[in-house]
Structures are given as structure tokens and as C-alpha cells.
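The following note is offered for your consideration. Its points concern a pocket, a ligand site and a helix.

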Amino acid sequence: MSFEDGADRLLVTPGSELYVKVGRIMSNERVKRPVPFAHKLNESSSIGRVIGVVSGKGGVGKSTVTALLAQQFARKGLKVGIMDADITGPSIPRIFGLKDRLKAGQYGLIPCVTSEGIKVVSMNLLLDDETEAVIYRGPVIAGAVKQFWSDVYWGDLDVLFIDMPPGTGDVPLTVYQSLPIDGVVIVSSPQQLVSMIVTKAYDMANKLHIPVLGLVENYSYYKCPDCGSEHYIFGESKADELAGTIGCKVIGRLPIDPALARLSDEGRISEADIVFDLENE
Ligand code: ADP
């Protein structure tokens, strides 16, 4: 990769005209990245941008950040969807308190809709019992994700967020190679930042020529509710350092916040007012 026309342009594929603005969530210039095994989008739907939210491993807050990002875009008046591609660990419906099940319609499966109008598709919205384990092998999981793309009537969306399966294994690889992902947001925690796991997630996106649009550091610090002092439970932030290496921007640092955990556990994430730094979007 190399930079062209100043620091804010990243040449994604040498010799081609494929560019993306570094740090921008919604660039005007769409990256026309060749998708090796491109799966066809539902023919009655159109989707402006596809943004994956990734992490090196589970539990770092990827789903929470996906929900909050989607919410921020929806509040700007954009038409937003979330595909929960974390098939074996789906948590998006719970975060939004969605109780309905997906229904079949004339043009495909109809997503459930949150109180703020975000269309959501998740494996858990197909199961009779949300605690039921999804015991699928990799190819079946990947098949389910492809069906979420082709068999769901998304309608007209400005942006679709994909809560990606964690890690760098077979399933995320298939998702990357089947769906036209314009860019990814990486979610990490401070102790992860010093490990190689996040770098692996970055490396995977990089090898597949998918731009990293921003970095979110979750569990960044804990603010004492009594005196307001900040404590770095998982060590000092390394977000700026890593973002510098990757060539993206830190778009958020979320504290460890029991209130946020409670809101998402109770399906009331829409009451959270966390805002990411997307001023360049
Ligand atoms: P992942 O998708 O990476 O597996 P989740 O978003 O499901 O992670 O988060 C894991 C758990 O941590 C959830 O119970 C969530 O409510 C909680 N959580 C996430 N971020 C925070 C935070 N900043 N403060 C407190 N709890 C959080």
C-alpha cells in the first residue's frame, strides 16, 4: 500500500483507481474492490455502503460498538441496517430488545426494525428460543451469512453495518470474500492492543485490500463515580500508537461503563448517547 495525492489518500490496489479517504467512514468515492466470490445482493434491495465491524477475538465489545455506530448514523437521518454475521454468538437482537422473528415477504426475509428504524437481521431472530445453540460447521455458517445478503429484503439502505464473526478464521474470510465490504472499523481493548491479535485482524483486512476506517478502543478506562478520576484498568491507552501504525483514526474511546452494560443487557441501547468521532465522514 502507498499514499498518493497527499496523506489522506490511500492507494488500495497499486495501478488502479481504487481509493479511499483514510479515516473516513463514508467516503464519497466508493472503493470498487474486486470481490472474489461475490454473492448477489437481494435484487429488490440497494445498499450504499457496507461497513464491517471487526475484532481479533470475542468479548471486546464489537456488537456493542456496531449497535452504537448504527444508531449514530440512523440519528443523522440515514437509512441503516445491521447484519449480525456473528452467527454462533449473535447479540444484536438482545442489545436492541428485539423480540419479533423474521418473517418471509414477497421480496425475501423481512428484517426486524429497532425503535430508531434500524433494520436488523440475525440468526437469533430465526430461532424459536434465543438460548438455543447454533451448532454449525464453518461452511454452513458462511452460507447463512450469504443468505442474509441475498435472501433478505433490505430495501433501500444508505449503510449496512456487519457485525463480523470474531477472529481471522474461515468464516470471516468467507464473509470478506463474498460481500462487497467497503471498509472495516476495528474494535479493541487496551490490553489487546499490545498483543498481536488486533494486528492480525488488521493484517487480514489489509491482505484482502479492505481499508480500515477507524479504531475504537473499548474498556479504555474506568471513571470513578465518586471522584471522577480515570483509572486505566487494562493499562494505558495504546490506541493512538496503533492507529498511527495502521494509518487510521481513533474514532472512539469507550470507558468501562456499568450503565452501558446494563442498557445493552436490558435491550435499551437506544438510551445510550455515545457518539463516535466521525466528523470527516
Ligand atoms: P463482542 O461482540 O466483542 O463479543 P459485546 O459487544 O457483546 O462483545 O460485549 C460483551 C459484553 O460486554 C456485553 O455484555 C456488553 O454489554 C459488555 N460491554 C461492552 N462494552 C462495554 C463497556 N464499554 N462497558 C461496560 N460493559 C461493556
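1. By class, nine nonpolar, seven polar and four charged residues make up the lining of the largest pocket. The model is predicted, and the pocket should be read on that basis. The space in this largest pocket amounts to about 340 Å³.

2. Of the 20 residues that line the largest pocket, those nearest its centre are Thr 64, Leu 260, Ala 261, Ser 264 and Asp 265. Two or more lining residues come from each of α1 (62–75), α2 (92–96) and α8 (258–265). Helix α8 supplies the largest share, with five residues.

3. The ligand is surrounded by 17 residues, and the closest are Gly 59, Lys 62, Ser 63, Thr 64 and Ser 264. Oxygen atoms of the ligand take part in several polar contacts. A polar side-chain atom of Thr 64 lies 2.5 Å from a ligand oxygen, and a backbone N or O atom of Gly 59 lies 2.8 Å from a ligand oxygen. For Tyr 219, a side-chain N or O atom is 3.2 Å from an oxygen atom of the ligand.

4. Helix α7 (residues 239–246) merits a separate remark. Ala 239, Leu 242, Ala 243 and Ile 246 of this helix are buried. These four lie on the same side of α7 because they cover an arc of only 100° around the axis. An α-helix has 3.6 residues a turn, so residues three or four places apart point the same way. On the other side of α7, Asp 240, Glu 241, Gly 244 and Thr 245 are exposed.

5. After α7 comes Gly 247, with a positive phi near 85°.

How values were computed:
Residues are numbered from 1 along each chain as its sequence is written. This is a predicted model: local features need pLDDT of at least 70, side-chain atom pairs count only at pLDDT 80 or more; totals for chains, interfaces and linings use all residues. Side-chain values use heavy atoms; hydrogens and water are left out. On a 1 Å grid over the protein atoms alone, a cavity is a set of points where a 1.4 Å probe fits but cannot get out, and a pocket is an open set with protein on both sides within 12 Å along at least five of seven lines; lining residues have an atom within 4 Å of a point. Grid points are joined across faces, edges and corners, and a volume is the space filled by probe spheres set on the points. Ala, Val, Leu, Ile, Met, Phe, Trp, Tyr, Cys and Pro count as nonpolar, Asp, Glu, Lys and Arg as charged, and the others, Gly among them, as polar. Buried means under 20% relative accessible area, exposed over 50%, partly exposed in between (1.4 Å probe, protein chains only). The arc is that of the directions from the helix axis to the C-beta atoms. A residue is near a molecule or strand if one of its heavy atoms lies within 4 Å of it. A polar contact is a pair of N or O atoms within 3.5 Å; within protein, one must be able to donate a hydrogen and the other to accept it, and residues adjacent in sequence count only if both atoms are side-chain atoms.
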